[in-house]
Amino acid sequence: MSAHALLRQWPASPRDTLPHALWDAASIAAATGGTASHAFQASGVEMDSRDVRPGDVFVALKGEAMDGHRFIAKAFENGAVAAIVDRPVDYPHVLVEDTTQALHDLAHAARDRSDAVRIGITGSVGKTGVKEAIFVSLDRASRGAAHRSIRSYNNHVGVPLSLARMPARSRFGVFEMGMNHAGEIAPLAEHVRPHVALITTIAPAHIENLGSMEAIADEKASIFDGLADGGTAIIPADSEYAPRMKAYAEKLGVKVVTFGKAADADVRLLDAIPSANGGSLVTADLGDTRLCYSVAEPGEHWIANSLGVMAAVRAAGGDLAAAGLALAEMGGLKGRGARHRVPAAGGHALLIDESYNANPASMRATMRQLGQTPASRRVAVLGSMKELGDFADKFHAQLAEPIHDAKIDHVILVGDEMRALMSELGKASASGIHKGLSYAHCMNPAEAIALLEEYGLAQGDAVLVKGSNSVGLGTVVSHFAGLGG
């Protein structure tokens, strides 16, 4: 039989009728109730004119201090094919009453036109890394048919934007959801309507705004409110708030899967052996099967993360073998564990970039990881942890213990909130507890760079840079790693 005849016999699929273009003028108009000025096809959706790429449709959002309509010309200079606007403009556009509502409408249309399995992820620590791990696992298994939110697009604008970017032919969609205040997670989950919702862990991030750990757990658990019919809630079994979150999910009538070291965890850690590359060889019990896989990312927190990834991939109908391969190949993300070989006296030093975010739990985890990293000297550049409110002094001072446990040789503390830790280290030093530890305090990244240069990096040093994103320690990483800012 000829090749042409064989192709004609290729089985038809409903997916074959789905569009290849992300959006066209007619579909945007139908989704938003707007009016298109021209016919066009778009390959992307963007809300920041500086990030527009050729083929994008630009959504001119209006905020309290900024109006995207002012940047329409810039968007078209960068290659936009059309804009979504609330007033007529001299470019191809779709005219709507409210551009924010139009973005939401576009997101819901993208969600509803696709049969993709949607996974939602929240938690106090590890959201972005776990999101990326689940994505690469599902993308490998589906041969490129997975979609995810990029960067940390996890708020009231980023989540609908990420949904609006999901192609109709996607088989999986992975979405991160974050919050700063109570009542923010549930609306995001309602946008996504995930089939699988995962909570990574509960820690005192944003406790200034929520007031208690219980309130943080409740807010994270509200992601389960948005679960689609038949959805699965995935909960960290080792959290002291696991019973609270599990009870919340069970009241909603959804399936609950737990992961962790706990004896009753559905995805349970059996063993974890350090591997030569700094990662781990993990053995896990999934109830009806056991898995052995490698995790490239170092640190005990990534062992726990990998169990959550496996639970989510299985609940989504993904391939566990592909997930194991993906976890074995994952490298650190910028600001979240990326490792750089940087010039130092006599050779090179290791710089660990954790500059994007910080809270008490993640600080402890990354310092524990530093303590397990082979090095001639261990150095930590630690920036203030934000949004801790009245708990700030307490949580900063408590970092003296993990500094001691990690056998860190030199610490540079950055930011006003770090004065409490500076005082605690001074007390410990006077009593002889932190013998051999040197430390310094400064107020900004430029001063931190100068202090680290004065200290001097040497062959075999390991340097951890970690702090809340607003402290700006990414500039320290860029300076020493030669990343150009």
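## Exercises on a predicted model

The largest cavity has a lining made up of E297, P298, H301, W302, R336, G337, E354 and Q369; the exercises below start from this lining and rest on a model that is predicted.

**Exercise 1. Sort the lining residues of the largest cavity into nonpolar, polar and charged, and state how much space the cavity holds.**

Step 1. The residues to be sorted are E297, P298, H301, W302, R336, G337, E354 and Q369.
Step 2. Since Gly counts as polar in this scheme, the lining divides into two nonpolar, three polar and three charged residues.
Step 3. The space inside the largest cavity comes to about 40 Å³, and the structure holds one cavity of 30 Å³ or more.

**Exercise 2. Place strand 17 and strand 18 relative to each other, and describe the hairpin that they form.**

Step 1. Strand 17 covers residues 338-344 and strand 18 covers residues 347-354, and the two pair in the antiparallel sense over seven bridges.
Step 2. One register point is given by R339, whose bridge partner in strand 18 is I352.
Step 3. Two residues lie between the strands of this hairpin, and G346 takes a positive phi near 85° there.

**Exercise 3. Reconstruct the open sheet of five strands, and identify its edges.**

Step 1. The strand order is 2-7-6-5-4, and the pairing within this open sheet is mixed.
Step 2. Strand 2 (35-36) and strand 4 (44-46) are the edge strands, each of them pairing on one side only.
Step 3. Strand 4 pairs with strand 5 (residues 56-59) in the parallel sense over three bridges, and within strand 5 the bridge partner of E46 is F58.
Step 4. According to UniProt, in an unreviewed entry, residues 43-90 carry the feature "domain: Mur ligase N-terminal catalytic"; over residues 43-90 the chain is 12% helix and 23% strand, with the end C-alpha atoms 21 Å apart.

**Exercise 4. Explain why the pair of F76 and Y91 is classed as stacked, and locate both rings in the chain.**

Step 1. The structure holds two aromatic pairs.
Step 2. In the pair of F76 and Y91 the ring centres are 4.3 Å apart and the planes stand at 15°, so the pair is stacked.
Step 3. F76 belongs to helix 3 (residues 72-77), whereas Y91 sits in the loop between strand 6 (82-85) and strand 7 (93-95), so that the pair links distant parts of the chain, 15 residues apart.

**Exercise 5. Give the domain bounds, and state the distance between the centres of domain 1 and domain 3.**

Step 1. The domain assignment gives domain 1 (19-99), domain 2 (114-329) and domain 3 (338-481).
Step 2. Taken over C-alpha atoms, the centres of domain 1 and domain 3 are separated by 44 Å.

How values were computed. Residues are numbered from 1 along each chain as its sequence is written. This is a predicted model: local features need pLDDT of at least 70, side-chain atom pairs count only at pLDDT 80 or more; totals for chains, interfaces and linings use all residues. Side-chain values use heavy atoms; hydrogens and water are left out. UniProt positions are given in the numbering used here, feature names are shortened, and annotations may be inferred rather than shown by experiment. Helices (H or I, at least four residues) and strands (E, at least two) are DSSP runs, numbered from the N terminus. On a 1 Å grid over the protein atoms alone, a cavity is a set of points where a 1.4 Å probe fits but cannot get out, and a pocket is an open set with protein on both sides within 12 Å along at least five of seven lines; lining residues have an atom within 4 Å of a point. Grid points are joined across faces, edges and corners, and a volume is the space filled by probe spheres set on the points. Domain bounds come from an automatic or database domain assignment. Two strands pair if DSSP finds at least two bridges between them. Rings of Phe, Tyr and Trp (its six-membered ring) pair if their centres lie within 6.5 Å; planes under 30 degrees apart count as stacked, over 60 as edge-to-face and the rest as tilted.
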